Amino acid sequence: MTFLIICFFTATIILVIFLIQGYKASPINQVSVTRYLPCPRIIVWEVIGNIEAMPLRRRDIKKIEVLRHHHDEVTEWIAHTSHGGYLMLKMEYEPYDRLTMILTASTFGVTGRWDYSFHECGEGVNLTIEENSIIPSFWYRIFLCIRGRHIHLEKEMSSIAYFIKQKKQDGSGPRSAKAMVM
């Protein structure tokens with residue numbers, strides 16, 4: 001009986017600590033991640049800039065609804081999530097140098113921008129992703145306190161590295177794949 005009381009008391013203290021952390025956490029999320037990718041910047045650009053193949057690269061994206069193109073690039077789209085929500089995004093870019101995804105609306109209330117910058121380094125590229133977002137949801141801020149504010153950037157960087165490796169090995173990757181596009 002004493003053991004159960006101690007376990008309950010400990011769990012309550014941990015829960016209160018997380019609630020306080022979520023309350024104190026700023027709704028402004030500013031993080032960045034940089035990784036060296038051993039390939040030419042054109043391959044990195046093809047993986048990141050291929051919005052229509054995003055559902056193949058990211059498990060949380062179920063399908064893409066293209067709203068606007070500029071030349072061969074998708075510049076505005078709605079990403080339908082596997083959680084039943086949506087993300088409305090637009091893209092600004094300087095080919096092979098910089099790409100910015102701007103989240104203008106979402107069912108989660110999150111808004112912000114993600115800047116991808118490409119810096120040649122030897123035979124590869126240093127890719128930096130910077131996130132500047134506003135997270136109004138108290139519960140989502142608690143989740144980020146637990147998992148780390150950079151968790152989504154780490155997952156994005158890992159998926160990019162995986163598809164670059166696949167593209168280098170067999171010439172496939174997002175450009176040649178058929179994505180679910182409306």
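These questions and answers walk through a predicted model, from its pocket to its salt bridges and surface.

User: What is the volume of the largest pocket?
Analyst: Rolling a probe the size of a water molecule over the atoms shows where empty space is left. For the largest pocket, the volume is about 940 Å³.

User: Which residues are the closest to the centre of the largest pocket?
Analyst: The largest pocket is lined by 29 residues. The closest to its centre are Arg 58, Asp 60, Leu 87, Tyr 140 and His 152.

User: Which element gives the largest share of the lining of the largest pocket?
Analyst: Several elements give two or more residues to this lining, among them helix H3 (54-57), strand E4 (86-94) and helix H4 (138-147). Helix H5 (151-170) is also one of these elements. The largest share is five residues, and the element that gives it is H5.

User: How many residues of the lining of the largest pocket are nonpolar?
Analyst: The lining divides into three kinds of residue. Six are polar and eight are charged. The nonpolar ones number 15.

User: How many salt bridges are there?
Analyst: A pair counts when a side-chain nitrogen of Lys or Arg is within 4 Å of a carboxyl oxygen of Asp or Glu. Glu 94 and Arg 98 pass, with their closest N and O atoms 3.5 Å apart. By this rule the count comes to nine.

User: How many residues apart in sequence are the parts that Asp 97 and Arg 41 tie together?
Analyst: Asp 97 forms a salt bridge with Arg 41, and their closest N and O atoms are 3.7 Å apart. Asp 97 lies in the loop between E4 and E5, while Arg 41 lies in helix H2 (residues 41-49), so the pair ties together parts whose separation in sequence is 56 residues.

User: Is Arg 41 buried or exposed?
Analyst: Buried means under 20% relative accessible area. Its partner Asp 97 has 32%, so Asp 97 is partly exposed. Arg 41 has 19% relative accessibility, so Arg 41 counts as buried.

User: Which helices hold Glu 156 and Arg 57?
Analyst: Glu 156 forms a salt bridge with Arg 57, with the closest N and O atoms 3.1 Å apart. The pair ties together parts that are 99 residues apart in sequence, because Glu 156 lies in helix H5 and Arg 57 in helix H3.

User: What is the relative accessible area of Arg 57?
Analyst: Its partner Glu 156 is buried, with a relative accessible area of 7%. Arg 57 is buried too. Its value is 6%.

User: Which residues are joined with Glu 156 into one network?
Analyst: Glu 94 forms a salt bridge with Arg 98. Elsewhere, salt bridges share partners and so join residues into one network. Joined there with Glu 156 are Arg 57, Arg 58 and Asp 60.

User: Is Leu 4 buried or exposed?
Analyst: Leu 4 is found in helix H1 (residues 2-24). With Met 1, Phe 3 and Ile 5, Leu 4 forms a nonpolar patch on the surface, with about 530 Å² of accessible area together. The cut-off for exposed is over 50%. Leu 4 has 57% relative accessibility, so Leu 4 counts as exposed.

User: What separates the C-alpha atoms of Leu 37 and Ile 20?
Analyst: Leu 37 has its place in strand E1 (residues 28-37). Leu 37 is buried, with a relative accessible area of 2%. Leu 37 and Ile 20 are 17 residues apart along the chain, and their C-alpha atoms are separated by 39 Å.

Key: Residues numbered from 1 in each chain as written. Predicted model: local features only at pLDDT ≥ 70, side-chain atom pairs only at ≥ 80, totals over all residues. Heavy atoms only, no water. Patch = residues over 30% accessible without salt bridge, like charges linked within 9 Å, V, L, I, M, F, W, Y side chains within 5 Å. Areas by Shrake-Rupley, 256 points an atom, 1.4 Å probe, with all protein chains shown as cover. Helix = DSSP H or I, 4+ residues; strand = E, 2+ residues; numbered from the N terminus. Buried < 20%, exposed > 50% of the residue type's maximum accessible area, 1.4 Å probe, protein only. 1 Å grid on protein atoms, 1.4 Å probe; cavity = no way out; pocket = protein on both sides within 12 Å on 5 of 7 lines; lining within 4 Å. Points joined across faces, edges and corners; volume = space filled by probe spheres on them. Nonpolar A, V, L, I, M, F, W, Y, C, P; charged D, E, K, R; others polar.
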